[in-house]
Amino acid sequence: MSAVYPFAAIVGQPLLKQALLLCAVDPGIGGVLIRGDKGTAKSTAARGLTQVLPGIARVPGCAFNCAPGQPAAACEVCQAGQGGALDGEVPFVTLPLGATEDRVLGALDLQKALQGAQRAFQPGLLAAAHRGILYIDEVNLLADHLVDVLLDVAAMGVNAVQREGLSMSHPARFTLVGTMNLEEGDLRPQLLDRFGLMVEVAAPRDKAVRADVVRRRIAYEADPAAFAAHWQEQQDALRAQVAQAQRLLPQVALDDAMLELISHLCCEFEVASLRADIVMHKTARAIAALQERSRVTPDDVKAAAQLALPHRRRRKPFEQAGMDQDKLDELVEQARAPDQPDRQRDDGESGRPETDDARDEAEQGEDQGEGGERTFAVAAAGAARKISVEAMPASPAPAQAAAGRRSAVQDAKRGSALRAVPDANPDRLAVGATLRSAAVRGALAEDAPQGGAIRVTPADLHRQVRSGKSANLIVFVVDASGSMAAQRRMEAVKGAVLALLTDAYQRRDQLAVIAFRGESAELLLEPTRSVDLAEQGLRELPTGGRTPLPHALQLALRLLEKSAQQEAPPLLVILSDGRANVGLPGDESDPWRQTLAAAELLAARGTPALVLDTETGYIRLGRAAQLAQALGAPCLTLEQLTGDALALTVRAQLGAR
């Protein structure tokens, strides 16, 4: 009995379960991105999906999951015809956040190479995920070099390996399932678009539903086998439903009127990616197949739009994903023929009408446990039509922003391989260069081993030098004292910084915010990639009180020392008029002298910085400029705080490294 929590036992979350089942019906949809708060069954649902999927046939011992009769060129087992195919579970492969490119793509089989065999390929995770599910928990934290790999393979359905003297390829068609929490940062737009569907999940607010969740979880942990046995009938029903939908899918028709509706919705909601049209086409047909119908209706298209369009509508870093539900309803109603019923059916179809009870059941999250396969299909579809998302006003497409470049890092831990250098104790072994060196030395040696085996000595070892790009840590030190509140200067500063956050979003930089007012400074935002959280913190930042600038610089110094393990140095951005009037606790000396002393400490550790002078008026003390001089940093005045000037200055500071 499987120890995986049963898919059918998940309480509520009908949209999440529907999206996963749709990808099971048609893997060509392109996978699901599950986005939401912690503890909302994101990972549980993804792992449980494999238990309700019809099995696949594969040859025992095949590391590439080759389809019967379609062996991969590199698969020795299938090419040799060793044994017949057996039915088994759909592969479920987890891609760890810390995985290396070799582990993901595959690499040279070092063991066989050292034994003197010909170059052999050791398959990676992409080969194991072929014809199955590739699952990434916290996908928004995935390293950039792995994101690039996934983009290439997901687009082509083929993993091409060109490394360590190897040149080969193998099929790698998989359903991508990722989970993420927005508090930890968003996804790069390229990877976000690669997910066919996206579902927002949230914890239930109804106490009865929450109690049911806890009740089932406790029962599962007490006896997983007995709990799985209790839900086995519902699991079998879902598996049969998916299998029937897969068989019906090729017969499902989507006529030109529905195709025009799909394109019309994409245009009206200003979706740039043509992948949206294709995904909606596939999703609408899968919805009809899951409900045992052979014709796509406008309601199917609307349900598909609610799953396929929201994450593709995000046009600006701080614009929330979502759709205008009223606008969607109006557009779909306009597409209906005057005499068309609410649910269009063929005479020969075996579909079932949706009832009000089914809609209510889906919204209450009670579609599992008692209703069986038929109730689940209807309830999930009803919930899709009832989804409520945050409305987002349509706006003209913005001009293309110039994305900044991250800091280039030589000999990075990750990134593209540049070269191999001799190293008797390498931390990253360059396998190809090491073997080539051993082979050349062995061929010239008089005591070369017999049988073609290669003997590697410390003198042959080479270290791999990589070139990567590292996200920068930008630390904002924001003056929120009373002098900043005067003459609405704070609003002007916030506007300029928000423009800088847009540039940071494109760079995928990390951000931290320190604010100081009253008697002390405070770390408002720990280093994060979520520019939405930084934007929210700056917008809600209160002002007033005195100016404890020395404490703010001291706090920034501690934060930078804590983050000293980063491959690229951070950037300190100070927004203040420099009029320090509160010293450090227990220090009676002049606050301004304390400020200059803290600035000199930051300069001594080589911290790149930028000072934004917010002082205005006819009489100016020029303290911010003096602070910039002590830091060895450039200084911009309030009049220069336009978004473009600020972003260009920051890019210049980062590029100077």
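This passage describes a parallel sheet, the helix packed on it, and two buried residues in a predicted model.

The sheet is open and consists of 5 strands, arranged in the order E4-E7-E10-E1-E11 with parallel pairing. Its edges are occupied by strand E4 (92–94) and strand E11 (197–201), and because each of these has a single partner strand, one side of each is left without a neighbour in the sheet. Averaged over the sheet and with direction ignored, neighbouring strands are turned by 20 degrees against each other. Strands of a sheet pair through backbone hydrogen bonds, in either a parallel or an antiparallel manner. In the present case, strand E1 (residues 32–36) and strand E10 (residues 175–180) run parallel and are joined by 4 bridges; within this pairing, Arg-35 has Met-180 of E10 as its bridge partner.

Helix H1 packs on the sheet, where it touches E1, E10 and E11, and the direction of H1 makes about 160 degrees with that of E11. The helix comprises 12 residues (residues 14–25), for which a rise of 1.5 Å a residue leads to an expected span of 16 Å; the end C-alpha atoms are 16 Å apart, so the expected span and the separation in the model agree. H1 is mostly covered, with 12 of its 12 residues buried. The buried residues of H1 include Leu-15, Leu-16, Leu-20, Leu-21, Leu-22 and Val-25, and among them are also Lys-17 and Gln-18. An α-helix has 3.6 residues a turn, and residues three or four places apart therefore point the same way.

Outside this helix, a buried cysteine is found in a loop. Cys-66 lies between strand E2 (56–58) and helix H3 (76–79), and it counts as buried because its relative accessibility is 4%, under the 20% cut-off. When residues up to four places away in sequence are not counted, Cys-66 touches Ala-57, Arg-58, Pro-71, Ala-72, Cys-75, Cys-78 and Arg-131. Although Cys-66 and Ala-172 are 106 residues apart along the chain, their C-alpha atoms are separated by 9.8 Å.

A further buried position is provided by Gln-306, which is placed in helix H14 (residues 298–308). Gln-306 has a relative accessible area of 3% and is therefore classed as buried, the cut-off being under 20%. The side chain of Gln-306 is joined to that of Gln-325 by a polar contact of 3.3 Å.

Key:
Residues are numbered from 1 along each chain as its sequence is written. This is a predicted model: local features need pLDDT of at least 70, side-chain atom pairs count only at pLDDT 80 or more; totals for chains, interfaces and linings use all residues. Side-chain values use heavy atoms; hydrogens and water are left out. Helices (H or I, at least four residues) and strands (E, at least two) are DSSP runs, numbered from the N terminus. The expected span of a helix is 1.5 Å times one less than its number of residues. Buried means under 20% relative accessible area, exposed over 50%, partly exposed in between (1.4 Å probe, protein chains only). Two strands pair if DSSP finds at least two bridges between them. Axes are lines fitted to C-alpha atoms, for helices over the stretch in contact, and angles run from 0 to 180 degrees between N-to-C directions. Contact means heavy atoms within 4.5 Å. A polar contact is a pair of N or O atoms within 3.5 Å; within protein, one must be able to donate a hydrogen and the other to accept it, and residues adjacent in sequence count only if both atoms are side-chain atoms.
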